[in-house]
Amino acid sequence: MKIDPVQTTEMHTGGEPVRIIENGFPTLRGRTLLAKRRYLRDHFDHLRKFLMFEPRGHFDMYGVIAVEPDHPDADLAVLFMHNEGYSTMCGHAVIALGRYAVDKGLVKAREPETEVRIQCPCGLVTVQVEVNNGATGRVRFESVPGFVLHRQKIVATAAHGPVEVDIAYGGAFYAFVAADQFGLDVRRSRVRDLVDVANVISAAVKEQLEISHPDDPDLGFLYGTILTDGADAYSPTPTANICVFADSQVDRSPTGSGVTARIALQYRKGQINLGQTRTFESVTGALFEARAMRESTVGRHKAVTVEVAGRAHYTGSATFSHEPDDEIGRGFLLR
């Protein structure tokens with residue numbers, strides 16, 4: 001199958017890559033964004049592997065495809081992809097996309113902040129981009145409301161026995177567990193050890209707990225597990241976590257959708273109040289700030305709208321091509 005050249009802009013947020021696909025990708029059919037996501041999965045998954053896998057990407061690569069929005073208020077619509085498939089929300093990519101949209105003139109720049117409305121598979125996300133003398137900087141966004149699906153559920157694991165988990169949604173569903181239950185420290189332990197534990201938890205949750213979303217069945221799946229330092233009560237000191245999602249993929253950023261879900265969980269537990277800002281630290285030392293803004297509901301679930309803020313940076317641009325006789329170059333992973 002012939003693969004046309006693909007042009008991209010390359011960015012990162014806290015070290016987590018954002019490959020923004022600009023030209024060369026086929027038109028995706030579908031009346032809604034979730035329908036386009038299904039069409040992409042069913043018809044063009046070879047292009048995900050082409051752009052995310054080696055030799056053009058790597059095991060932990062992350063990408064964004066711009067498509068036509070179907071939401072009347074959206075400035076642009078995007079689909080997210082990674083080593084396993086396609087996610088429903090990605091905060092680190094939204095932070096990068098905010099800068100990108102202003103810098104590329106997709107929305108008219110206004111100082112001191114420019115609003116960008118991005119339709120994601122989970123819904124409309126409102127982004128505010130700092131603009132100072134024409135230069136873009138810090139970005140903050142309000143995602144779809146976050147809520148807690150399961151509190152203090154016990155899952156059985158062969159490696160660690162019974163483990164208590166919380167499941168919360170921030171545009172995607174995550175299991176939350178404190179790393180010290182396993183003798184680990186999210187700031188000091190080997191990433192490989194943290195990944196192994198997170199994978200055990202994710203597998204157990206997928207097998208033993210029902211994950212559903214009241215708005216659409218396509219949103220109802222566990223995206224990953226977030227191991228935390230356990231410091232959930234409000235404090236001005238940063239709290240650390242590591243997100244392991246998709247196929248053992250490690251987020252280098254604090255994880256925007258994960259931070260949204262973690263704030264929703266902390267608010268549900270009474271550990272923070274509306275308007276209190278918490279700082280979240282990732283494995284690279286990158287920081288996001290987040291706060292619960294206002295109460296809401298999602299179906300029968302009590303929810304809260306969360307604002308997340310961080311910074312993204314450009315790393316370059318690329319044109320990726322493929323020679324017809326290069327079978328290896330269609331994409332592979334060694335890990």
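**Cysteines.** I began with Cys90 in this predicted model and looked up its closest cysteine sulfur. That sulfur belongs to Cys120 and lies 8.4 Å from the sulfur of Cys90, too far for a bond. I noted Cys90 as buried, at 5% relative accessibility.

I then turned to Cys120. Its closest cysteine sulfur is in Cys122, at 5.2 Å, which is also too far for a bond, because a disulfide requires the two sulfur atoms to be within 2.5 Å. Cys120 is buried, with a relative accessibility of 2%. I searched the whole structure for disulfides and recorded 0.

**Cis peptide bonds.** I looked up the bond from Glu54 to Pro55 and found it cis, with omega near 5 degrees. Pro55 sits in the loop that runs between helix H2 (45-52) and strand E3 (63-67).

I entered a cis bond between Glu111 and Pro112 as well, where omega is about 5 degrees. The loop holding Pro112 lies between helix H3 (91-103) and strand E6 (113-120).

**Positive phi.** I recorded a positive phi of about 55 degrees at Asn133, which is not a glycine. Asn133 belongs to the loop between strand E7 (123-132) and strand E8 (135-142). Is Asn133 buried or exposed? I entered Asn133 as exposed, because its relative accessibility is 71%.

I also noted Ser248, a residue other than glycine, with a positive phi near 60 degrees. I placed Ser248 in the loop between strand E13 (239-245) and strand E14 (249-250). At 14% relative accessibility, I counted Ser248 as buried, since the cut-off for buried is under 20%.

Technical notes: Residues numbered from 1 in each chain as written. Predicted model: local features only at pLDDT ≥ 70, side-chain atom pairs only at ≥ 80, totals over all residues. Heavy atoms only, no water. Buried < 20%, exposed > 50% of the residue type's maximum accessible area, 1.4 Å probe, protein only. Helix = DSSP H or I, 4+ residues; strand = E, 2+ residues; numbered from the N terminus.
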